[in-house]
Amino acid sequence: MEESRLEESYLNKSSALHRRHYGQYFTPDAAADMMKQWVLNNLDGGRLLDPAVGLGKLIKDIPDEYTIDAYDDDKEILEANRDFFTSQSSIRLYEQDFLSADWEKVYDGIICNPPYITFRNHDEKEIYLNLFRQKMGILLSTYTNLYGLFMLKSLHQLNEHGRAAFIVPSDFLNARYGTKIKEYFLQDGSLKIIINTDIQMGWFKGAATTSSLLLFDKSSSSDAIEFIRTQSVQELQQAKAYILSDRKKPHGIIRRRQDLNPADKWKLHFYQESQKRYTNVRPLKHFASAKHGIKTGSNQYFCFNSSKMRQWQIGKQHFLPCISKAAQLKQPFFSYIDYKQLVQQDEQTLLLCVDDEQELEHGLKQYLEDGKSHRVDQRHIIRSRKPWYRFSVLEAAPILVSVFNRKQIQIVRNKTNVRHLDQLMGIYFHDEYKQEADLFMAYFLSDIAQELMANPHKEYGKDLKKLEPKDMDASLVLDVQALTEEQKHEIHSIYQRIEYLTVHDGDGRELKHHYELLNDFFSHLIQPLEKEEL
């Protein structure tokens with residue numbers, strides 16, 4: 001609590017401009033504890049380094065038998081916690097720029113949350129790039145972020161049996177400027193684990209970025225790097241337990257150093273164990289978010305067909321049109337005509353959605369009372385809701401994905417405003433890609449889309465697999481940003497013909513021909529990277 005209050009106090013006193021100037025984003029507690037335990041594991045005293053100490057969160061509670069060198073060139077942040085620094089005899093505080101400080105000191109452990117900023121001006125850029133060229137023989141890109149320099153210099157000063165932990169934006173894993181940094185990591189050989197905290201906003205106030213924990217150990221001779229993906233504090237805690245164990249059974253995805261190319265996009269290694277690298281694809285999360293369907297807590301109770309609605313004499317104004325189960329989707333396109341056919345077949349296509357501002361008519365009151373008499377209001381998800389019969393309602397999704405699948409993942413273009421329940425996931429595109437839904441759907445109709453979909457994490461019986469939103473978010477999809485206008489036009493032309501032939505029950509041979517055209521187009525556009533001339 002004391003650290004939290006100190007952080008909030010500093011945030012209130014310092015300006016956002018000042019913090020941006022120094023690239024200050026505070027380490028989440030769960031990550032800070034994990035980093036400390038990794039670095040101190042198997043150490044019994046020694047010299048530690050924090051190259052960007054800030055408020056000192058990463059070095060607090062470290063036993064006195066360790067001597068700690070702490071650097072920061074921002075007087076304002078150091079003054080905010082001066083009492084702590086002056087009261088700890090084991091800490092030697094250096095109010096100076098770590099990157100230009102003593103390069104000859106060697107440390108048993110290094111722990112660091114470096115500043116997240118690019119070079120402040122051209123002169124500073126030239127000074128640092130020349131310094132690293134002289135000291136380490138590395139010719140770095142002018143686009144390199146300062147946190148990359150902090151990692152490189154720190155590792156240069158880590159002793160032959162030391163450990164280090166960094167938390168940095170994960171951007172460099174994919175960026176071109178990160179190539180030289182990753183090349184150094186592979187040559188150095190001490191990088192053991194990368195943990196991607198795939199959580200984005202909320203971990204670092206004001207920073208819309210995913211972050212990675214990089215864990216180094218020079219005492220280990222392993223020839224592999226393990227890539228671990230986490231999406232919650234709970235998953236991060238599981239990763240923490242793993243890294244402090246004997247790590248005999250991998251928790252993430254193992255890649256041999258000899259198989260890693262520093263010029264490649266390393267973020268792909270978090271997503272699929274056997275994932276090849278392909279051209280013109282990116283994870284879905286860059287373009288959209290996959291979300292579970294509406295969770296009612298009891299679809300049997302809240303879903304109606306026309307007969308049930310008439311039986312209870314509840315007015316239409318209390319219902320939303322819905323797809324209650326994946327089996328109601330018979331083909332890759334769902335239209336209002338399809339919905340009307342389901343209604344005529346007396347399928348459950350109506351979702352009871354009670355608005356408290358509406359007057360509860362007699363039939364609705366009776367139905368809610370009947371639900372309570374059958375203890376529907378006491379079911380697991382429902383009992384925590386107030387009132388128990390109200391639940392969150394998502395907007396209709398332009399593309400639907402079946403949660404449970406066997407040999408192929410069922411994907412449907414939703415051409416209606418009909419909602420979906422939890423047997424389905426919805427793909428919701430970011431604003432700038434909403435107009436490209438048909439391009440993405442065309443890709444999903446292709447054979448290569450099924451090949452590149454993320455492997456489900458759960459299996460239920462023979463061939464039955466379950467997809468989670470995080471699996472869909474990690475799936476590789478068409479990179480629409482890489483397409484020319486001519487390519488977009490060609491995809492649209494083929495796709496629209498497939499849609500027309502499907503919806504109007506057209507000639508089967510012509511439909512098959514257009515699917516072949518679509519597959520041919522994407523097989524040429526999306527190819528294993530190894531086949532390209534680099």
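**Figure 1. Packing of helices α6 and α7 in the predicted model.** The crossing of α6 and α7 is left-handed. On the α6 side the contact is formed by Tyr 128, Phe 132, Lys 135 and Met 136, and on the α7 side by Leu 146, Leu 149, Leu 152, Lys 153 and His 156. Helix α6 comprises residues 122-136, and its axis is 12 Å from that of α7, at an angle of about 25°. Because of that angle, α6 is classed as roughly parallel to α7, the cut-off being under 35 degrees. The angle between the axes and the distance between them are quoted here because two packed helices are described by these quantities.

**Figure 2. The open nine-stranded sheet and the helix packed on it.** The strands follow the order β3-β2-β1-β4-β5-β7-β6-β8-β9, and their pairing is mixed. Strands β3 (91-94) and β9 (253-256) form the edges, each pairing on one side only. On average, and with direction ignored, neighbouring strands of this sheet are turned by 15° against each other. Helix α7 (residues 146-156) packs on the sheet and touches β1 (46-50), β4 (107-112), β5 (158-169) and β7 (211-217). The direction of α7 makes about 170° with that of β5.

**Figure 3. Pairing of strand β2 with edge strand β3.** Strand β2 spans residues 66-71 and runs parallel to β3, to which it is joined by four bridges. Within this pair, Asp 69 has Arg 92 of β3 as its bridge partner. In the strand order of the sheet, β2 is placed between β3 and β1.

**Figure 4. Surroundings of Arg 163 in strand β5.** Arg 163 has a relative accessible area of 8% and is therefore buried, the limit being under 20%. The side chain of Arg 163 makes a polar contact of 3.3 Å with the side chain of Asp 217. Residues up to four places away in sequence being left out, Arg 163 touches Trp 38, Val 39, Asn 41, Asn 42, Asp 108, Gly 109, Ile 110, Leu 158, Phe 216, Asp 217 and Arg 247. Strand β5, which holds Arg 163, is among the strands touched by helix α7.

**Figure 5. Contacts of Ile 243 in helix α9.** Helix α9 covers residues 233-243, and Ile 243 lies in it. Ile 243 is buried, with a relative accessibility of 1%. Apart from neighbours within four places in sequence, the residues in contact with Ile 243 are Met 34, Trp 38, Ile 193, Ile 195 and Leu 215. Leu 215 is 28 residues from Ile 243 in sequence, and the C-alpha atoms of the two are 9.3 Å apart. Trp 38 belongs to the contacts of Ile 243 and is also touched by Arg 163.

**Figure 6. The enclosed strand β20 and its pairing partners.** Strand β20 (residues 424-429) is largely enclosed by the rest of the structure, because six of its six residues are buried. Leu 424, Gly 426 and Tyr 428 point one way from the strand, whereas Met 425, Ile 427 and Phe 429 point the other way. In a regular strand the side chains alternate between the two faces of the sheet. Strand β11 (residues 288-292) runs antiparallel to β20 and is joined to it by five bridges. Strand β16 (residues 399-402) is likewise antiparallel to β20, with four bridges between them. Gly 426 stands opposite Lys 291 and also opposite Leu 400.

How values were computed:
Residues are numbered from 1 along each chain as its sequence is written. This is a predicted model: local features need pLDDT of at least 70, side-chain atom pairs count only at pLDDT 80 or more; totals for chains, interfaces and linings use all residues. Side-chain values use heavy atoms; hydrogens and water are left out. Two strands pair if DSSP finds at least two bridges between them. Helices (H or I, at least four residues) and strands (E, at least two) are DSSP runs, numbered from the N terminus. Axes are lines fitted to C-alpha atoms, for helices over the stretch in contact, and angles run from 0 to 180 degrees between N-to-C directions. Contact means heavy atoms within 4.5 Å. Buried means under 20% relative accessible area, exposed over 50%, partly exposed in between (1.4 Å probe, protein chains only). A polar contact is a pair of N or O atoms within 3.5 Å; within protein, one must be able to donate a hydrogen and the other to accept it, and residues adjacent in sequence count only if both atoms are side-chain atoms. Angles under 35 degrees count as roughly parallel, over 145 as roughly antiparallel, 65 to 115 as roughly perpendicular and the rest as oblique. A crossing is left-handed if the near helix is turned anticlockwise from the far one by less than a right angle, and right-handed if clockwise.
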